[in-house]
Amino acid sequence: MQIIKVYYISLSGNTTSFLADLDTYCQKQYQKKVDYVNVKDLVKLGKPLTFDINESYFVFLPTYLEGGNGIETGDIEILTTPLRQVITYNKNRDYCLGIIGSGNRNFNKQFCLTAYQYADDFGFTVLDEFELKGTTEDIERIAEKLHNQGHKK
């Protein structure tokens, strides 16, 4: 079975839940396993975030910002910086096929803002976005994008 590699961070469990459902769907629909690594778990285990990634992968990133309204005043990334560390190590960014943002639409313009900041900083494409744990439609749409994007590399 082919693998879709994902590095992500999940603090509330929403992104982990989404990825578990995405994995189930991808296995049934595309015969591909989603192998997802929560960088937060690596930190908890005391593992270094300085390791080489030598295979194509996707990033799933929720939005956590500090201060202000997240646009004009205060858009400082918080809580997700361990994932940034992994991406910036050596040539890890070169293997990223794109980023999926998540968040809560209640935050208006801040919804998925961290994913767009990463896209600007690293030259990634924001492939899609979903709210909280996502919907069945989100899973189907994003699975298709990961499947198709993986064939381009």
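Start at Asn90, just after helix H3, where phi is positive at about 45 degrees. Helices here are DSSP runs of H or I with at least four residues, strands are runs of E with at least two, and both are numbered from the N terminus.

Before moving on, note that this is a predicted model: local features need pLDDT of at least 70, side-chain atom pairs count only at pLDDT 80 or more, and totals for chains, interfaces and linings use all residues. Residues are numbered from 1 along each chain as its sequence is written, and side-chain values use heavy atoms, with hydrogens and water left out.

**Zoom out: the whole chain**

Color by secondary structure. Five helices and seven strands appear. Trace them from the N terminus: β-α-β-α-β-β-β-α-β-α-β-α.

Now switch to the surface. The chain exposes about 7,900 Å², and carbon and sulfur atoms supply 47% of that area. Accessible areas come from the Shrake-Rupley method with a 1.4 Å probe; for residues, only the protein chains shown count as cover. Of the 153 residues, 46% count as buried. Buried means under 20% relative accessible area, exposed means over 50%, and partly exposed lies in between (1.4 Å probe, protein chains only).

Contacts are next (heavy atoms within 4.5 Å). Among those between residues at least 6 apart in sequence, 73% join residues at least 24 apart.

**Select 81-88: helix H3**

Which residues of H3 are buried? Show Pro82, Leu83, Val86 and Ile87 as sticks. Look down the axis of H3: these buried residues fall within an arc of 140 degrees, so they line one face of the helix. The arc is that of the directions from the helix axis to the C-beta atoms.

What covers that face? Add strand S1 (2-8), helix H2 (39-44), strand S3 (57-62) and helix H4 (113-122), which are among the elements covering the buried residues of H3.

**Select Arg84 and Asp121**

Stay with H3 and pick Arg84. Arg84 forms a salt bridge with Asp121, with the closest N and O atoms 3.0 Å apart. A salt bridge here is a side-chain nitrogen of Lys or Arg within 4 Å of a carboxyl oxygen of Asp or Glu. Asp121 lies in helix H4 and Arg84 in helix H3, so the pair ties together parts 37 residues apart in sequence. Asp121 is partly exposed, at 45% relative accessible area. By the same rule, the count comes to six salt bridges.

**Select 136-152: helix H5**

Display Lys145 with Asp128. Their side chains meet in a salt bridge (2.9 Å, N to O). Asp128 sits in strand S7 (residues 126-131) and Lys145 in helix H5 (residues 136-152), so this pair links distant parts of the chain, 17 residues apart. Is each end buried or partly exposed? Asp128 is buried, with a relative accessible area of 10%. Lys145 is partly exposed, at 32%.

Now add Arg141 and Asp138. Their side chains meet in a salt bridge too (3.0 Å, N to O). Both lie in H5, three residues apart, so about one helical turn separates them. Arg141 counts as partly exposed at 30% relative accessibility, and Asp138 as buried at 11%. Keep all four side chains on screen: salt bridges that share partners join Asp128, Asp138, Arg141 and Lys145 into one network.

**Last stop: the cysteines**

Select Cys26 and Cys96. Cys26 is buried, at 0% relative accessibility. Cys96 is also buried, at 12%. How many disulfides are there? The count is zero, where a disulfide is a pair of cysteine sulfur atoms within 2.5 Å.
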